[in-house]
Every structure is written in C-alpha cells, then in structure tokens.
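This report describes how some of the strands pair with one another. Please look at the sequence and the structure first, and then follow the pairings one by one.

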Amino acid sequence: RKKHQRFLKRFLGQKYYVNNTNGESTWLRPAILGEDPDDVEWITFMHPVLDRPYYSNVKTGEATYKRPESLGIEWKEYWDSEAHRSYWKSEVTNEIVYDNPYEIQENQWYEAKTETNETYYYLWNEQRQVAEEIQWEKPNELLTEEEKRVKEYRKWDEFWSTGDGAPYYLNKETGEITWKRPW
C-alpha cells in the first residue's frame, strides 16, 4: 500500500493525505488540518526598478501594488519614544520608514537604468500605477543643491564689455543679459 501511494504521489505530483489511525488515504485535504499553507492565492514579488513589493494572484493572474486584504496589513505603525514620533515597519520587507506609507504620493520621480546601463528618469503616478513621463535629463526634484548650482551656471556665458572691460552675462536659454553675476 505505501509503495503504491509513493508511486501515485511521484507520478501525479499531487499531495495526498493518509489517516494514521485507520490507514485511509484521500486526495482531499481533511478539514481538521485547516487551510493548506502551500495553497496560496497571492505571491509577493519585489519590483526590480521600483524596489517595492507587488502582488500576483496565482488563480486569476491579477497583479497589483496594493497589498491584498487577504494577506493582512503590510505596514504596522509603532512609536519611537526617542524621536517622539510614529514610524512604520513593513511586515513584508522589514523596512522602517518615518513617513506614513499609506499617504498616497500622486507623482514621484524615480531613477532607472537601461539594459546598456544608461540612466533615465520616470515620473510614477502611484494612483494610476503608470509612468506619466520619461526623460533622460535628471529632473529638478532629484537634483542636489550642488547639481542645481552647476545647472544654473551652465545656462550662462560670460563676456567682457569692449567699452569698460566689465563682465556681463548671457543666458543661453532665454537670451537674457545682465551685468550682475547670476550664480
């Protein structure tokens, strides 16, 4: 009987259950065992670019960034007594954040790489789950203060007046001219 059961399991690749008291076997999971932990409805994946979890329903094929209610809460709120403020810990990734992750950020810029390792930027619409805009130039929202100064500096060319030799500046983008140093 055991040899036959092992053969069936190996041949069909399915689970079967044996009642150790009476020796009966069945393909159906006995109710006394509760839900089968291997019989999952949702699988969690990490998005390679956004570095955030998304969820795929193995039965329907649906994919979503919103954590399905059947999986329970993703973020749990805690209190930091030293900082005197709330923080949230992900039950999925164990990440800790101080900004409420449930407050939807309508649009946010992200940096990504192409297959040839070129950097590009896209504006992600959290609510619609789509990229609203894609560009090669780093958006102002992601620039450091130093990068902003360099960008502003590059807009201007410096020239010298033929009359008194004083410097003046020409904005290459707008055509504006000024005697005052703009950066």
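Strand β6 (residues 75-80) and strand β7 (residues 85-90) are antiparallel partners joined by six bridges, where strands are DSSP runs of E with at least two residues, numbered from the N terminus, and two strands pair if DSSP finds at least two bridges between them. The model is a predicted one, in which local features need pLDDT of at least 70 and side-chain atom pairs count only at pLDDT 80 or more, while totals for chains, interfaces and linings use all residues. Residues are numbered from 1 along each chain as its sequence is written, and side-chain values use heavy atoms, with hydrogens and water left out.

Within the pairing of β6 and β7, Y78 stands opposite Y87 in β7. Strand β7 is also joined by two bridges to strand β8 (residues 96-97), and these two run antiparallel; here W88 has V97 in β8 as its bridge partner. The two hairpins each hold a residue with a positive phi, as the table sets out.

| Hairpin | Residues between the strands | Residue with positive phi |
|---|---|---|
| β6 and β7 | four residues | H84, near 55° |
| β7 and β8 | five residues | N94, near 65° |

Further along the chain numbering, three strands form an open sheet with antiparallel pairing, in the order β12-β13-β14. Its edge strands are β12 (156-160) and β14 (177-178), each of which pairs on one side only. Strand β13 (residues 167-171) runs antiparallel to β14 and is joined to β14 by two bridges, with L170 standing opposite I177 in β14.
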